[in-house]
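Here's a quick briefing to read alongside the structure. Have a look at the fold first, then come back for the numbers.

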Amino acid sequence: MSKIPTLRLDRLLANMGYGSRREVQQLVHAGLVVLDGGTISDADERIAVTRDLPERMLVRGRPLDPPPGFVLMVHKPLGATCSHKEAGPLVYGLLPERWRRRDPAISTIGRLDKETSGLLLMTDDGTLLHRIISPRAHIPKRYHVTLDRPLTGDEAAIFAAGTLMLEGEDKPLLPAHMEALSERSAYLTLTEGRYHQVRRMFAAMGNHVTALHRDRIGDLALPADLEPGHYRILSEAELALIFQSAKGP
Ligand code: URA
């Protein structure tokens, strides 16, 4: 049985961005932290950090933010960037302001280009992040691709062969699965994530991607009711879907 981690209340709330430890102590002394219906009077109290804490703890009358060790699914809108190095609004700006002061910090699990929309995962769990992005994990990611020119009909076989070499690289791409949907659109499923990979694969075919949207990671699909710019916390069952169809190392 895995042991439930415990943390001092002031450390837990400070790490979650509610303020410095001193500010959190003041919150507690003002009676503004409630657990299971009772006011906590001691900021030193050790709290079992369980997933259901937001249903049991109120801070200033509001449910606690997600405790450490969570994964978000975000519907990344077009124009938002995953990288601090790129100009434009960051995906982190889609989250509540307090979440940006958390320690451990929340990071994106892999990246999507600024002009790509769709399913993006974020987490504060470094171990899980590496399990998902590891090149050995081979987790399939599906993209809906819209093209400038009609498909020639050769693309699926070329992508599946595992021999396509992208410009400037010295290792061929792993086999990828393409399913044509219409003359100018397709699903492309990759098990690796090289820089601008989808766009460069179609550029190598003499085509040009005009719109790109990721709709699946493993067997986890972007829900139809999750609007662009919105996010929600993944359940354990949804998290398991990410790894379900991965082939592993
Ligand atoms: N491939 C791309 O070209 N862009 C993305 O954002 C993801 C995959």
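What follows covers the overall build, the surface and the nonpolar cores.

This is a predicted model. The protein chain has seven helices and 15 strands, and its C-alpha trace spans about 70 × 40 × 35 Å along the principal axes.

**Overall build**
- Of the 249 residues in the protein chain, 43% are buried.
- Take the contacts with a separation of 6 or more: 64% of them come from residues 24 or more positions apart.

**Surface and charge**
- About 13200 Å² of the protein chain is exposed, with carbon and sulfur atoms supplying 52% of that area.
- There are 32 positive and 31 negative charges, and the mean positions of the two sets sit 4 Å apart.

**Nonpolar cores**
- The largest nonpolar core holds 31 residues, and the ones with the most contacts inside it are Met 122, Val 145, Phe 159, Leu 188, Val 198, Met 201 and Phe 202.
- At least two residues of this core come from each of β7 (71–76), β9 (116–123), β10 (141–147), β12 (185–190), α6 (197–204) and β13 (209–217).
- Domain 2 (71–135 + 220–244) and domain 3 (141–217) each put at least three residues into this core.
- A second core lies apart from that one; it has 19 residues, including Leu 13, Leu 27, Ala 43 and Met 57.

**Zooming in on Met 122**
- Skipping neighbours within four places in sequence, Met 122 touches, among others, Phe 70, Val 71, Leu 72 and Val 74.
- Its contacts also include Val 91, Tyr 92 and Leu 95, plus the run Ile 106, Ser 107, Thr 108 and Ile 109.

Definitions and conventions:
Residues are numbered from 1 along each chain as its sequence is written. This is a predicted model: local features need pLDDT of at least 70, side-chain atom pairs count only at pLDDT 80 or more; totals for chains, interfaces and linings use all residues. Side-chain values use heavy atoms; hydrogens and water are left out. Helices (H or I, at least four residues) and strands (E, at least two) are DSSP runs, numbered from the N terminus. Buried means under 20% relative accessible area, exposed over 50%, partly exposed in between (1.4 Å probe, protein chains only). Contact means heavy atoms within 4.5 Å. Accessible areas come from the Shrake-Rupley method with a 1.4 Å probe; for residues, only the protein chains shown count as cover. Lys and Arg count as positive and Asp and Glu as negative; His and the chain ends are not counted. The place of a charge is taken as NZ of Lys, CZ of Arg, CG of Asp or CD of Glu. A nonpolar core is a set of buried Ala, Val, Leu, Ile, Met, Phe, Trp, Tyr and Cys residues joined through side-chain atoms within 4.5 Å. Domain bounds come from an automatic or database domain assignment.
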